[in-house]
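This report describes how the chains of a model are arranged, how one chain is built, and how one helix is packed. The sequence and structure are shown first.

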Protein chains: 4
Amino acid sequence: MNLIISGTNRKHSNSIKVAKFYQKELSKRGEEFEILSLEDLPENIIATDLYGKRSEAFAEIQQKVSEAKKFVFIIPEYNGSYPGVLKIFIDACSFPASFFHKKAALVGVSTGKYGNIRGVDHFTGVCNYMRMHVLPLKIHIPLIQNELNNEHEFHDPISLKFIMEQIEEIVRF
Amino acid sequence: MNLIISGTNRKHSNSIKVAKFYQKELSKRGEEFEILSLEDLPENIIATDLYGKRSEAFAEIQQKVSEAKKFVFIIPEYNGSYPGVLKIFIDACSFPASFFHKKAALVGVSTGKYGNIRGVDHFTGVCNYMRMHVLPLKIHIPLIQNELNNEHEFHDPISLKFIMEQIEEIVRF
Amino acid sequence: MNLIISGTNRKHSNSIKVAKFYQKELSKRGEEFEILSLEDLPENIIATDLYGKRSEAFAEIQQKVSEAKKFVFIIPEYNGSYPGVLKIFIDACSFPASFFHKKAALVGVSTGKYGNIRGVDHFTGVCNYMRMHVLPLKIHIPLIQNELNNEHEFHDPISLKFIMEQIEEIVRF
Amino acid sequence: MNLIISGTNRKHSNSIKVAKFYQKELSKRGEEFEILSLEDLPENIIATDLYGKRSEAFAEIQQKVSEAKKFVFIIPEYNGSYPGVLKIFIDACSFPASFFHKKAALVGVSTGKYGNIRGVDHFTGVCNYMRMHVLPLKIHIPLIQNELNNEHEFHDPISLKFIMEQIEEIVRF
């Protein structure tokens, strides 16, 4: 199963809402993606799953990652870049089984004005380093708190237009 | 006390050796820096010290960070960028007490050929976002395993020349 | 005299208007900056002023650059980064007389939504490589066509607040 | 015909030698690429071919660009990033006929130690912005003056291994 990574372990995050929106829209087009929320990482991951160690809890996550061929990363802006917890997840994953020659679509979200342009660019560097193909259309959603309505759907027609264009590319990609 | 951040929690890392070298050379010039190794982060930091939470263990670290005015960051290359654990540390630190309008010197290290150019550039973006002044001379040490001799000192004259130039700038900066 | 670089050779650009606004506000605080518009570059600069060559036309520009100690760069977004013509200007300038250990403040402008975050970050890398100190507060002005009123002044209070904060830093820096 | 862009207008550049090496190796695998050297840009391109203007000289270049589906960019390091003249070329090209949804392979070269990591990363941002698919394996060739033998061929086995791997990907991509 392909994976949508909700790139934070913050509870009740906007990222998880965005992940669910992508999951639903992809499913409508016949593409089934599972959501992997970084809320599910082991709490002591920095001690148990780096530098060749592997916990039982992460082993299950690793198996899902190894099986996926396409990834959608939802990347909130923390301190002007991607979250540390997202990079910890990447650093914990096995190489090259996890990401080598697989495909990635990137979605930046922020509560501020710029939609995590910088964090998505930094993460592109990481993805390319791991030899992932990155879909060129990257989505940047600023002021995410205003973008989602009560049903956790996007309502701004311009945001929706670009998101749908990206989703079409994920399907064809 | 100013701080040298050894940017990984890996045991017996090259980063900690580089940190000690900088500490000794800075001390010779009358600048006392304490080393903060990310080995000392709480193991469950992703659960205890993000999103407004604060553990007793990290509170002590936070106090050191709040008091420092200058930082030297030793940044190993993990997956083509800075380590996740270094960004977790940044994400856990209080804003703006930790870094706002303070000064940063950056040192990239890698076992590969390029000295973590990309990771140091990404970290510059993070530092500037937090409104730190970043010293323009950044050091990139590739093939770190060959650079340090048995006394954990640099012996290559070209590496030494640039490191000493950076250290002079840290003193004057 | 210090310099404000209007980073495009497009006629009637928004960048030149932003440059004039900065010049006026800096002057009010006793800091005299001259504007250097890239409209004034020699038209055949790529043939006359790279790789050690020097035209009379550029020699005058070079002299101004060599004398300045502080620079404000106004950087419009062209194809997702800084303009080629701005980098040509940098590539034509003498090293190290032009920029080494001097100071730079960066202002990104775009007609689109994101205020040239990426281009300003790329240009930070260039500035640091040339060993310039870059002011950490970088300004990003999206939708520039809406930001300037008929007198070419900013009217949005939030944009003004950050611009004024940056201008204070340029003075103190 | 697909294109290899030699990303500088410097005479007798290493970039053109690298371009010829790629052309020959690609041809051996049945992929015919034409070399477009930026030496062939109009000398006054900054006056004649930006902001909607078009010279006869560039119109021929534009036609080749519009027809190509795959690009190999050879990118020397100038002032810590890609050359201004390469970005001028990009800024002069028509949008979207030139690059939209086409494919790019990137090769960084430098006379210094780091193989233009930063410039290739910056150029990845430009390519993705223009909606190009960028091949994840990017080649970085430091100390280019030592890499090419008298026949302008690479002789270092490690460099050759990665170059050949990239060439295979260009073929399959």
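## Symmetry of chains A and B

Chain B is superposed on chain A, with an RMSD of 0.0 Å, by a rotation of 180° with 0.0 Å of shift along its axis; the fit is by least squares on the C-alpha atoms of residues with pLDDT of at least 70 in both copies. That relation is the one of a two-fold axis. Within chain B, the residue that comes closest to the rotation axis is Asn44(B), with its C-alpha at 2.1 Å.

The model is predicted: local features need pLDDT of at least 70 and side-chain atom pairs count only at pLDDT 80 or more, whereas totals for chains, interfaces and linings use all residues. Residues are numbered from 1 along each chain as its sequence is written, and chains are lettered from A and ligands numbered from 1 in the order in which they are written.

## The contact between chains A and B

Chain B contributes 26 residues to the contact and chain A contributes 26 residues, two residues being in contact if their C-beta atoms, placed from the backbone, lie within 7 Å. On the side of chain B that touches chain A, the elements giving two or more residues are helix 2 (45-48), helix 4 (84-92) and helix 5 (117-129) of chain B. Helices (H or I, at least four residues) and strands (E, at least two) are DSSP runs, numbered from the N terminus.

Helix 4 of chain B gives the most to this side, with six residues. By class, the residues of the side of chain B that touches chain A are 13 nonpolar, eight polar and five charged; Ala, Val, Leu, Ile, Met, Phe, Trp, Tyr, Cys and Pro count as nonpolar, Asp, Glu, Lys and Arg as charged, and the others, Gly among them, as polar. The copies meet through the same surface, because 100% of the interface residues of chain B are also interface residues in chain A.

## Chains C and D

A turn of 180° and a shift of 0.0 Å along the axis lay chain D on chain C with an RMSD of 0.0 Å. In chain D, Asn44(D) comes closest to the rotation axis, at 2.1 Å (C-alpha). In this contact, 26 residues of chain D meet 26 residues of chain C.

## Build of chain A

Chain A holds seven helices and six strands, in the order β-α-β-α-α-β-α-β-α-β-β-α-α from the N terminus on. Its C-alpha trace spans about 45 × 30 × 30 Å along the principal axes.

Buried residues, those with 20 or more other C-beta atoms within 10 Å of their own (exposed: 12 or fewer; partly exposed: in between; C-beta atoms placed from the backbone), make up 54% of the 173 residues in chain A. Among contacts in chain A between residues at least 6 apart in sequence, 76% join residues at least 24 apart.

## Helix 3 of chain D

Helix 3 of chain D (residues 56-67) has twelve residues and reaches 17 Å from its first C-alpha to its last, close to the 16 Å expected at 1.5 Å times one less than its number of residues. Phe58(D), Ile61(D) and Val65(D) are its buried residues. Seen down the helix axis, these fall within an arc of 60°, so they line one face of the helix; the arc is that of the directions from the helix axis to the C-beta atoms.

On the other side of helix 3 of chain D, Glu56(D), Ala59(D), Glu60(D), Gln63(D) and Glu67(D) are exposed. The cover over the buried residues includes strand 1 (2-6), strand 2 (33-37), helix 2 and helix 4 of chain D.
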